[in-house]
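Student: Please take one part of this model and look at it closely with me. Then show me how the rest is put together.

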Amino acid sequence: MRLATSLVASICVFALYSGPLMAQRGPAAVAVAEIVERETASGQMFVGTVLPIKRSSIGSAVGGRVAEFSVNEGDFVRAKQPLAQLLTNTINLEVAAEKAELDFRKHELAELENGSRPDEIRRAKALMQAAKADSEYQQKRLKRLESLYARKAVNDDDIQQVVSESIRSEELFQEALAAYNLAVEGPRKEKIAQAKSQVAIQQALVDKLESQVVKHTIITPFDGYVVAEHTEVGQWVNSGELVAEVIALGEVDVQVQVLENHVPHVRLGMEVRVEVPAIPDQVFTGTVVLIVPQADVRSRTFPVKVRIKNTITKDGPLLKSGMLARAILPTGPQQRALLVSKDALVLGGPTPMIYVVEPSSDKKNQGKARAVPVQVGVANGRLIQVKGNLKGGEHVVIRGNERLRPGQDVVITEILSPDAEPKAKAI
């Protein structure tokens, strides 16, 4: 009994003082816009699913043992970031050996392209001149002995020996002359071309091995989130075997199934309002990016994708793959409808609500905020269709409506266009 008496007293005290306290706060400052009446298409809500715009099941291009696997499910990864590293010790040794062979081939080619060195040419010239001098000496000696042979001053063996030495000296001279000419001309073009081919073949072999090394590092193709792991450190993976699965959630698609008699009213590029029951305090606006021209023959429905820009927070993406979503798509001809700014919607309760300002009879730009539950229809740019206890021309609060209460006094600080761009709502 004593507890009940105390509770009643507390309630009475609160009732006595709450009125003056509320009055001391004064009217809330708000910005308003008119409710407009325009021709717009009738709409219907379709249930769909949030899907990533890109999904990649990443496999290994080569077989090998996993040496590193540094990501976990739920991790955010950047494009080209390594997911797993296979052992590459043996192939790295092969790459080093083939690179050394490539350097050898390149030096051979450089030697041929540079031609003979000046010292080599001078040496070849000196040898040629020495052979020429010896050949001329042997020719003169032969002529002298031939005159003596004619007078029977030398025998046949002597003249034959001189003839042989003369021939040998002449051949040596021709050989030295050819060597000198080769030194001056340098390597043949065909020889250089062969050396270039050898370098190209070796380079291709090195590139092939380096490509295999790159394939031992398994990377992600785009920014996204790891949603599945298919291997662990120390496990052997075969070529083509899955390693991880990554999805991109910077933008998401809401896929809905639209009946065949409704799909003719859907157009690419049109704005669509999307609700996600798991996030009741937000309404998302997307764009129709795909109307698949193939129906499910059992249900006679066509897949339609609505793309939405996702919000990425420190805790991850706001819209997650697999979430339930509802998209309101046009399903009929144009009709007269009431539209308000999207900023007028107050979400988070059991039903969307807007605040209509009922003007004061004696105070200009002042009034009271009347809460009106509404049903939301199709989007039309910055405006959205609403149904409820409303009429065209009334003013609704589009800025400063976050902390309003039904029946609260308000002062209108600004009258904006119904399709005004969004700004901070707090006045």
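Tutor: Contact means heavy atoms within 4.5 Å. Helices (H or I, at least four residues) and strands (E, at least two) are DSSP runs, numbered from the N terminus. The model is predicted: local features need pLDDT of at least 70, side-chain atom pairs count only at pLDDT 80 or more, and totals for chains, interfaces and linings use all residues. Residues are numbered from 1 along each chain as its sequence is written, and side-chain values use heavy atoms, leaving out hydrogens and water.

Our part is helix 3. It covers residues 118-150, 33 residues in all. From first C-alpha to last, helix 3 reaches 48 Å. That is close to the expected 48 Å (1.5 Å times one less than the number of residues). Which of its residues are buried (under 20% relative accessible area; exposed is over 50%, partly exposed in between; 1.4 Å probe, protein chains only)? They are Ala124, Met128, Ala131, Ser135, Gln138, Leu142 and Leu145. What do they pack against? Their partner is helix 4, residues 156-185. After helix 3 comes Lys152, whose phi is positive, near 65 degrees.

Now look at helix 5, residues 189-215. Helix 5 has 27 residues and spans 39 Å between its end C-alphas, close to the 39 Å expected. Ile192, Ala195, Val199, Gln202, Val206 and Leu209 are its buried residues. They pack against helix 2, residues 89-114.

Next come the strands. Strands 6, 5, 3 and 8 form an open sheet in the order 6-5-3-8, with antiparallel pairing (two strands pair if DSSP finds at least two bridges between them). Strand 6 (217-219) and strand 8 (236-237) are the edges, each pairing on one side only. Strand 3, residues 64-69, is joined to strand 8 by two bridges. There, Gly64 has Val237 as its bridge partner.

Strand 15 deserves a stop. Strand 2 runs antiparallel to strand 15, and 13 bridges join the two. One pair is Glu39 with Arg336 in strand 15. Strand 10 also pairs with strand 15 in the antiparallel sense, over three bridges. Glu275 stands opposite Arg326 of strand 15. Strand 19 (residues 383-387) is joined to strand 15 by four bridges, again antiparallel. Leu338 there faces Val386 of strand 19.

Where do these strands meet a core? The largest nonpolar core (buried Ala, Val, Leu, Ile, Met, Phe, Trp, Tyr and Cys residues joined through side-chain atoms within 4.5 Å) has 28 residues. Val254, Val256, Val272, Val274, Val288, Leu319 and Leu329 touch the most other members. At least two core residues come from each of strand 2 (36-59), strand 9 (242-259), strand 10 (271-275), strand 11 (283-291), strand 12 (301-309) and strand 15 (324-341). Strand 9 gives the most, six residues. Take Val256. Leaving out residues up to four places away in sequence, Val256 touches Phe46, Val47, Gly48, Phe302, Pro303, Val304, Ala327 and Leu329. Another core lies apart, with 19 residues, among them Ile35, Ile354, Val374 and Leu390.

Finish with a loop. Gln408 sits between strand 20 (395-399) and strand 21 (409-416). Why does Gln408 count as buried? Because its relative accessibility is 12%. Beyond residues up to four places away in sequence, Gln408 touches Ala28, Gly367, Lys368, Ala369 and Arg403.
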